[in-house]
Amino acid sequence: MKSFWAPARVAAADGPDQLPPLARFLERHREYCNLSKTALAERIGIDRRTYHTWLQDPSVLDTERIEKLARALEMSAENRAVLYDLSGRAMPPREGASPSALTPLERKLQQVMADGFSHATVVNAPYWDVLLTNAAFRKLFASVPRYGNAVPTRNTMLYILVNPAAKELLGGSEEALYRDWVMPSLATFSAALQQSPQDARLLEIEDEIKRRKRLLRAYQETPDWIREHSDLHVNHDQRAFVHPELGETTVRLVTEAHMGYQSVQLFRSAFLFGIDD
């Protein structure tokens, strides 16, 4: 599967002659795959004029057509999610995925608990999928543009690892992003994959990591990083953060695992600002 990420937002300076976000994404992906418009149309089973119509009018893209585009362009799972976002369509459930094991009451209790925290709080299900967030969390990350599943309200791991806008809040630079966020996340991921080396969802994330040269180099350095940090791949050390109101600051991320009455393990993380040693 090919992986190509293009920004899912248009800069304010873009003029009227610029392609719409969906068309820009598809055209850059087509060029990345070394396909002409005619060749891509033939792969899909349409003519070039129809493909041009799809570029200009996202409303004509139903689920079947979106899937045809994703297959023809050999899209990765995350690029497929971006395509659905830009088309204004809800992505169908992952094939073979089981619904959350939480009952409506259990989910409500978790939400009430998260809402009771003044600090930004997120509750993750397995694979770092976001189960719920509180208002403070949503406000903190309100500026993050849509980017498939790689956003804080969908999957926190993918947001940190593959969203090109992550550094805008997580440290303010590539160096801070990798030092304070990417390396601890890769260590967390590495530990999970070591425990379940054949897990399809984890292998899918690993594929996304391997497609990115700098991320792959960091991933290869993860064993050394873990040894240096005493195998603490989750900790509450200070991390660089660019707060929408506080500016450049630091945050401590406190994560706790909970396996109680529900049948799935949940992870609750709170973002604590202004906590010094």
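**Exercise 1. Work out how helices H2 and H4 pack in this predicted model, and which residues meet there.**

Start with the geometry. Residues 37-44 make up helix H2 and residues 63-72 make up helix H4; the two pack at an angle of about 120°, and their axes lie 9 Å apart.

Next, classify that angle. Values from 65 to 115 degrees count as roughly perpendicular and those over 145 as roughly antiparallel, while the rest, once angles under 35 are set aside as roughly parallel, are oblique. H2 and H4 are therefore oblique to each other.

Then add the handedness: H2 and H4 make a right-handed crossing.

Finally, look at the side of each helix that is involved. From H2 come Leu-40, Arg-43 and Ile-44, and they meet Lys-68, Leu-69 and Ala-72 of H4.

**Exercise 2. Lay out the five-stranded sheet, find its edge strands, and place the helices that lie across it.**

Begin with the order. The sheet is open, its pairing is antiparallel, and its strands follow the order E2-E1-E5-E4-E3.

From there, read off the edges: strand E2 (130-133) and strand E3 (238-243) each pair on one side only. Going from one strand to the next, the twist averages 30°.

Now place the helices. Helix H6 (residues 104-115) lies across E1, E2, strand E4 (247-258) and strand E5 (266-273), and runs at about 45° to E2. Helix H9 (residues 174-195) lies across E3, E4 and E5, and its angle to E3 is about 120°.

**Exercise 3. Trace the pairing of E1 with E2 and describe the turn.**

Strand E1 covers residues 120-124, and three bridges join E1 to E2 in an antiparallel arrangement.

Follow two partners to see the register. Asn-124 has Val-130 as its bridge partner in E2, and Val-123 has Leu-132.

Close with the connection: E1 and E2 form a hairpin with five residues between them, and in the turn Tyr-127 has a positive phi of about 70°.

**Exercise 4. Find the residues with the most contacts inside the largest nonpolar core, then follow one of them outward.**

The largest nonpolar core holds 65 residues, and Phe-141, Phe-241 and Phe-271 have the most contacts inside it. Helix H9 supplies the largest share of this core, with nine residues.

Take Phe-141 as the example. Leaving aside neighbours within four places in sequence, Phe-141 is in contact with Phe-241 and Phe-271, and also with Pro-152, Tyr-159, Leu-169 and Leu-170.

One last step: check for another core. A second, separate one has seven residues, including Leu-102, Ala-114, Leu-131 and Leu-132.

Methods. Residues are numbered from 1 along each chain as its sequence is written. This is a predicted model: local features need pLDDT of at least 70, side-chain atom pairs count only at pLDDT 80 or more; totals for chains, interfaces and linings use all residues. Side-chain values use heavy atoms; hydrogens and water are left out. Two strands pair if DSSP finds at least two bridges between them. Helices (H or I, at least four residues) and strands (E, at least two) are DSSP runs, numbered from the N terminus. Axes are lines fitted to C-alpha atoms, for helices over the stretch in contact, and angles run from 0 to 180 degrees between N-to-C directions. Contact means heavy atoms within 4.5 Å. A nonpolar core is a set of buried Ala, Val, Leu, Ile, Met, Phe, Trp, Tyr and Cys residues joined through side-chain atoms within 4.5 Å. Buried means under 20% relative accessible area, exposed over 50%, partly exposed in between (1.4 Å probe, protein chains only). A crossing is left-handed if the near helix is turned anticlockwise from the far one by less than a right angle, and right-handed if clockwise.
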